[in-house]
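Reader: I'd like to go through this one with you, side chain by side chain. Can we start from the structure itself?

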Amino acid sequence: TTTDNISANTRVKLFWNFNLDNIGTSWRRTKTRSSTSTEDQTLVLPDARMSWSGLSKIAFVKKYAKSTTFSSSYKRTLTKGLQNDVPSHKTETNDFAPLISVSVAWKNNIQTKFDHTRKYSRDENIGAASPIFRSTSEKSYSFNASYSFSAPQGIKLPLIKTIRFDNTLTTSLTFTLTRSSSKNGSLLGGE
């Protein structure tokens with residue numbers, strides 16, 4: 001078995017706290033020789049992530065939030081397989097993880113984060129006698145809120161004496177909704 005890898009990445013800091021955190025591509029080939037010869041090639045193009053934290057500099061937002069960050073990413077992956085130099089399968093995946101993410105650190109020690117992700121993929125088995133495909137789609141929504149506090153001076157609770165602690169206590173609550181679907185069919189026309 002032999003494996004070849006090539007990758008390239010860069011990042012760019014732009015204006016108003018807008019950053020291209022990663023712009024990259026990669027290629028990988030794995031060859032195996034035995035009684036049969038197999039080869040898999042994977043190309044990732046693009047692999048991109050961006051973020052923007054400039055919203056917290058606007059006066060209205062600055063009044064309530066310590067910091068805000070918007071981010072997004074996109075990754076496209078193509079995989080092709082050969083068996084004895086004949087195409088056997090191929091897969092394409094488009095991954096937005098996240099499509100959009102908004103994170104806010106509020107001035108009252110509450111932090112909130114909203115994420116929306118999407119993923120689409122299509123697998124084709126083109127080396128079979130009856131070539132088939134399978135396409136899948138997934139959407140996900142997530143919301144998280146957390147609150148951090150410490151009480152070195154103490155907290156008075158009903159029916160309990162005053163509780164003091166110097167460490168920071170963090171509580172959080174997360175909601176997640178995911179929906180996925182899939183479809184199978186023949187590459188010869190009948191689905």
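Author: Sure, and keep in mind that this is a predicted model. A handy way in is R134, which at 37% relative accessibility counts as partly exposed.

Reader: Which strand is R134 found in?

Author: We already have R134 as partly exposed, at 37% relative accessibility. As for its place in the fold, the residue belongs to the run 132–157, and that is strand β7.

Reader: How far apart in space are R134 and S51, C-alpha to C-alpha?

Author: Along the sequence, R134 and S51 are 83 residues apart. In space, going C-alpha to C-alpha, the separation of R134 and S51 is 33 Å.

Reader: Let's try another pair. What separates the C-alpha atoms of K113 and S101?

Author: K113 sits in strand β6, and its relative accessible area of 38% makes it partly exposed. Along the chain, K113 and S101 are 12 residues apart. Their C-alpha atoms are separated by 7.1 Å.

Reader: On to charges, then. How many salt bridges does a search of the whole structure find?

Author: One of them pairs R29 with D4, and another joins K90 to E124. R122 also meets E124 in a salt bridge. Over the whole structure, the search gives a count of 6.

Reader: Take R29 and D4: how far apart in sequence are the parts that this pair ties together?

Author: The closest N and O atoms of the R29–D4 salt bridge are 2.9 Å apart. R29 lies in strand β2 (residues 18–33) and D4 in strand β1 (residues 2–13), so the bridge links parts of the chain whose distance in sequence is 25 residues.

Reader: Is D4 buried or exposed, or something in between?

Author: Buried would need under 20% relative accessible area and exposed over 50%. R29, its salt-bridge partner, comes out at 24%, which counts as partly exposed. D4 has 33% relative accessibility, so D4 is also partly exposed.

Reader: And which strands do K90 and E124 lie in?

Author: The side chains of K90 and E124 meet in a salt bridge at 3.8 Å, N to O. That pair ties together parts 34 residues apart in sequence, because K90 and E124 lie in β5 (residues 86–106) and β6 (residues 110–125).

Reader: Which residues do the shared salt bridges join into one network?

Author: Start at E124, which is buried, with a relative accessible area of 14%. E124 bridges to K90 at 3.8 Å and to R122 at 2.8 Å. K90 is partly exposed at 37%, and R122 is partly exposed at 33%. With partners shared, the network is made of K90, R122 and E124.

Reader: What about charge on the surface: which residues form the positive patch?

Author: K75 is one of them; it lies in strand β4 (residues 65–83) and is partly exposed, with a relative accessible area of 34%. A residue needs over 30% to be part of a patch, so K75 clears that cut-off. The full set is R11, K13, R49 and K75.

Reader: Now the nonpolar patch on the surface. Which element gives the largest share of it?

Author: The patch is formed by L99, I100, F114, Y141, F143, L173, F175 and L177, with about 720 Å² of accessible area together. The elements giving two or more residues to it are β5, β7 and β8 (160–186). The largest share, 3 residues, comes from β8.

Reader: Is L177 buried or exposed?

Author: L177 is one of the nonpolar patch residues, and its place is in strand β8. The cut-off for exposed is over 50%. At 55% relative accessibility, L177 counts as exposed.

Reader: Last topic, the rings. What geometry does the F15 and W16 pair have?

Author: The structure holds 4 aromatic pairs, among them F15 and W16. W16 is exposed, at 71% relative accessibility. The ring centres of F15 and W16 are 4.9 Å apart with the planes at 85 degrees, so the pair is edge-to-face.

Reader: And what is the angle between the planes of F60 and Y64?

Author: F60 counts as exposed at 60% relative accessibility, while Y64 is partly exposed at 42%. Their rings form an edge-to-face pair with 5.6 Å centre to centre. The angle between the planes of F60 and Y64 is 70 degrees.

Technical notes: Residues are numbered from 1 along each chain as its sequence is written. This is a predicted model: local features need pLDDT of at least 70, side-chain atom pairs count only at pLDDT 80 or more; totals for chains, interfaces and linings use all residues. Side-chain values use heavy atoms; hydrogens and water are left out. Patches are made of residues with over 30% relative accessible area and no salt bridge: like charges are joined within 9 Å, nonpolar side chains (Val, Leu, Ile, Met, Phe, Trp, Tyr) within 5 Å. Accessible areas come from the Shrake-Rupley method with a 1.4 Å probe; for residues, only the protein chains shown count as cover. A salt bridge is a side-chain nitrogen of Lys or Arg within 4 Å of a carboxyl oxygen of Asp or Glu. Lys and Arg count as positive and Asp and Glu as negative; His and the chain ends are not counted. The place of a charge is taken as NZ of Lys, CZ of Arg, CG of Asp or CD of Glu. Helices (H or I, at least four residues) and strands (E, at least two) are DSSP runs, numbered from the N terminus. Buried means under 20% relative accessible area, exposed over 50%, partly exposed in between (1.4 Å probe, protein chains only). Rings of Phe, Tyr and Trp (its six-membered ring) pair if their centres lie within 6.5 Å; planes under 30 degrees apart count as stacked, over 60 as edge-to-face and the rest as tilted.
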